[in-house]
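Hi everyone, thanks for coming. Let me put the structure up, and then I'll walk you through a few parts of it.

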Amino acid sequence: MTPERLRRTMIFLNTQRAALVKDAFVYQPDCVIFDLEDAVAQREKDAARIQLYHTLKDLDYQGIERWVRINALDSDLFQEDIRAAVAGGAEGIRLPKTETAEDVQMVADLVDQAEVAFNRPVGTTMVMAALESPLAILNAYEIATSSPRLMGIALSAGDYTRTMHAKRTVKGLELFGARSQLLLAARAAGVMAFDTVYTDTDDPQGFIDEVKMIRDLGFDGKSCISPKQIGITHDIFTPDPKEVLHAQHVIQAVQANEAKGVGVLTVDGKMVDIAWVEGAKRTLKLAKAAGSYRGDLV
C-alpha cells in the first residue's frame, strides 16, 4: 500500500460512461473514484461492474490512483463489487455510508478473500470509509482505527445534513462540527482526511473559498465532481514560494542545531522547534507534487 502519497483531489466518475472514464487521466487528478453506487441506475449495476473490470485492466491511468466506490452494505451488490474491484487491480475501495468499525472490518475481510482468489498480494488493496450520518461522525475514531487497510476517512455531506435537519449553506457552518470531529479522529488515528464534494459547479468562487477553508482546517484533500475543480484544488494546496523557502530554512536550521542540543530556534523571524519539521516537510512534499520544489529535504 502507499498510504502516504498526496491525495489532494479525488474525482468521482460514472463507471458506465466509457467516454468519461477513458480520458479522466488527462485532467491529472491525484485519484479517480469509479462509482458503482449513486451514479449507476439499479438495472445497470451488473453492466457497470463489468465495465469497471475492463477499465481497470485495459486502461493506463499513468500513475493516477484508482479507487472504486462500492454499493452500500445494506444492498445485495457490494460483495460482487469488491470482487470486481480487486480482480481488476484497483488500489482501493471506498465504502459508503460507513457507521461502525465493524462495517470496515467486514469489507476488509472480503477484500482479504478476493485478493487470495484473484492472486493479488494480500494486504495491498486499501479501504477508505465515507462517513455520512451523525452516528458515523460520533464513531469516527473507532472507524479510523478499525483496520490496517484503512487509508483515510471522508465526509459525505448529503445524507449527513439531511439526517441532521440542516440546510446546506455557502459558509458551511452546518458542517463545521462534522469536519472538526472527522479531522480529530483522522489525526489521532494517523490516517488521511478528505472533505465532501462541492455540488454547485457554476459557483467557482464558492468552491475556491471552501477549498481554502478545508486546507486551513487541515484536510488532506477534496472530493470532486467536475474536472474544473481539479486544477483549482491543486493550486490552493500548492504552497507559495515564501512558504517553500521558510520550510527549507526550518528543516535546515533544526538539522544543523540538533547535534548541539538546541531545541528552540529563530528562523526567518519566527520561533520554531523540532515539532515544526513535520509541517515543513509536508509543505515541501506539496510543493514537489506541484513541480515548484526539486530539492531533497523530503
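When I say helix, I mean a DSSP run of H or I with at least four residues, and a strand is a run of E with at least two, numbered from the N terminus. Now, this is a predicted model, where local features need pLDDT of at least 70, side-chain atom pairs count only at pLDDT 80 or more, and totals for chains, interfaces and linings use all residues. Residues are numbered from 1 along each chain as its sequence is written, and side-chain values use heavy atoms, with hydrogens and water left out.

Let's start with helix α8, residues 176-189. Which residues in α8 are buried, meaning under 20% relative accessible area with a 1.4 Å probe, protein chains only? They are A178, R179, L182, L183, A185 and A186. They sit on the same side of α8, because they cover an arc of only 165° around the axis, going by the directions from the helix axis to the C-beta atoms. Turned away from that side are L184 and A188, which are exposed, so over 50% on that scale, with partly exposed in between. Right after α8 comes G190, with a positive phi near 80°.

Next, E132 and D159: UniProt lists them under "binding site" in an unreviewed entry, and such annotations may be inferred rather than shown by experiment. They span 28 residues in sequence, yet their C-alpha atoms are no more than 5.6 Å apart, so they gather at one spot. E132 is buried at 6%, while D159, in helix α7, is partly exposed at 24%. Beyond its neighbours within four places in sequence, D159 is in contact (heavy atoms within 4.5 Å) with K97 and E132.

Technical notes. Expected span 1.5 Å × (residues − 1).
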